[in-house]
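Me: I would like to take a close look at a single part of this structure, the place where the ligand sits. Please go through it slowly, since I am still new to reading models like this one.

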Amino acid sequence: MERVLESGRYILGPEVDAFEREFASYCGAAHGVGVANGTEAITIALRALGVGPGDEVVVPSFTFYASVEAIPHTGARPVFCDIDPGTFCVTADTVKAALTARTKAVVAVHLFGNVAPVAEIEALGVPVLEDAAQAAGSRGPDGRPGALGTVATFSFFPAKNLGCFGDGGMVTTSDPQIAERARTLRFHGSRDKVTYDQVGYNSRLDELQAAVLRVQLPHLDAWAEGRRSAGHHYEQAGLGELVALPQPTAGAAPAWHLYVVRHSEPDHLREGLRAREIDCRPYYRTPVHRQPAMQAWPASVELPATEGAARTHLAIPMSPLLSRHQAEEVVAAVRAA
Ligand SMILES: Cc1ncc(COP(=O)(O)O)c(C=O)c1O
């Protein structure tokens, strides 16, 4: 941070350049484009893919609202699809049920740090945008989120697996044209600050945040391992006898961003944990397709797993530092509840 302050360069300078290279290379992608946050990253990446008015984008409803909110800003229509109830991720089958001749892209969310089966979905013949906001540090059978589909987006919101000291985001891709379009769109649709080819955005990762992220990135793998170990502590303490545990997708090693269990009486469970001062909460009790702002885009397919997950899920404590002893305490509280 001192280096940035002394340089006097605060916007689109050497720290952003370096972090874009370092983070893209960590993911296994050829290009990174730093943007202001993970929501605008999705809008910009979709537009860079060529998504616009008249197009449809398939997206899960069981996700953070922003995964969907980013779509109408491109002029396209969100089309909701279901998830696998055990993994909380979309599958090739749930996506296929929502495809139409107008589908231009799929937003596959790596929810809670799990890794959606991107290759299987792209095999349907439609480009996948990975919403990897919650999955920095996870691993899938074919590599890391950020390099599994045509384009990917990240959030560096402080609470994320890789966080900065404010808002930040990134688009990663190995397609040079998509990278170039995203780079132009994040700066008002201009390459040279003289000619403005498109109506773009002012959406940039700033130098201070990039400098912070360059310090954090070398720790990401150790933190991700801590999140995995915390999940194992819960398993070993017998949590699976009491509630349904989150299931990693085939071949995935998730860096659990949130550890989300399912139970038929989640509110009762929550009260029991809170009585022992263990914080926990549901994140998406009302799935996105039932949010008031989404009335213009009603779900066109049934979403039974989404409704079930929304009703039964509960996020219990998760952190890279969660110890075996703490996991046992949480499990004891679940058992008592
Ligand atoms: C799945 C998902 N997508 C998108 C976002 C949006 O990221 P941001 O808050 O940086 O805009 C978030 C997090 O907030 C998220 O969890």
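How far from a nitrogen atom of the ligand does a polar side-chain atom of D131 lie?

Reply: Please keep in mind that this is a predicted model. In this model, the distance between a polar side-chain atom of D131 and a nitrogen atom of the ligand is 2.7 Å, which falls within the 3.5 Å that a polar contact allows. Two other side chains can be described in a similar way: T39 has an N or O atom in its side chain 2.5 Å from an oxygen atom of the ligand, while for K160 an N or O atom of the side chain is 3.1 Å from an oxygen atom of the ligand. Of the 380 Å² of accessible area that the ligand has on its own, 92% is covered by the protein.

Looking at the surroundings as a whole, there are 13 residues around the ligand, and those that come nearest are G38, T39, D131, S155 and K160. Sorted by class, this shell is made up of seven polar, four nonpolar and two charged residues. Helix 3, which covers residues 38-48, supplies at least two residues of the shell, and helix 4, covering 66-69, likewise supplies at least two. The space that the ligand takes up is the largest pocket.

To put this part in a wider setting, the structure also holds 13 aromatic pairs. One of them joins F19 and F156 in an edge-to-face arrangement, with 5.5 Å from centre to centre and 70 degrees between the planes. Because F19 lies in helix 2 (residues 14-27) and F156 in the loop between strand 6 (151-155) and strand 7 (169-173), this pair ties together parts that are 137 residues apart in sequence.

Key. Residues are numbered from 1 along each chain as its sequence is written. This is a predicted model: local features need pLDDT of at least 70, side-chain atom pairs count only at pLDDT 80 or more; totals for chains, interfaces and linings use all residues. Side-chain values use heavy atoms; hydrogens and water are left out. A residue is near a molecule or strand if one of its heavy atoms lies within 4 Å of it. A polar contact is a pair of N or O atoms within 3.5 Å; within protein, one must be able to donate a hydrogen and the other to accept it, and residues adjacent in sequence count only if both atoms are side-chain atoms. Accessible areas come from the Shrake-Rupley method with a 1.4 Å probe; for residues, only the protein chains shown count as cover. On a 1 Å grid over the protein atoms alone, a cavity is a set of points where a 1.4 Å probe fits but cannot get out, and a pocket is an open set with protein on both sides within 12 Å along at least five of seven lines; lining residues have an atom within 4 Å of a point. A molecule sits in a cavity or pocket if more than half of its atoms lie within 2 Å of its grid points. Helices (H or I, at least four residues) and strands (E, at least two) are DSSP runs, numbered from the N terminus. Ala, Val, Leu, Ile, Met, Phe, Trp, Tyr, Cys and Pro count as nonpolar, Asp, Glu, Lys and Arg as charged, and the others, Gly among them, as polar. Rings of Phe, Tyr and Trp (its six-membered ring) pair if their centres lie within 6.5 Å; planes under 30 degrees apart count as stacked, over 60 as edge-to-face and the rest as tilted.
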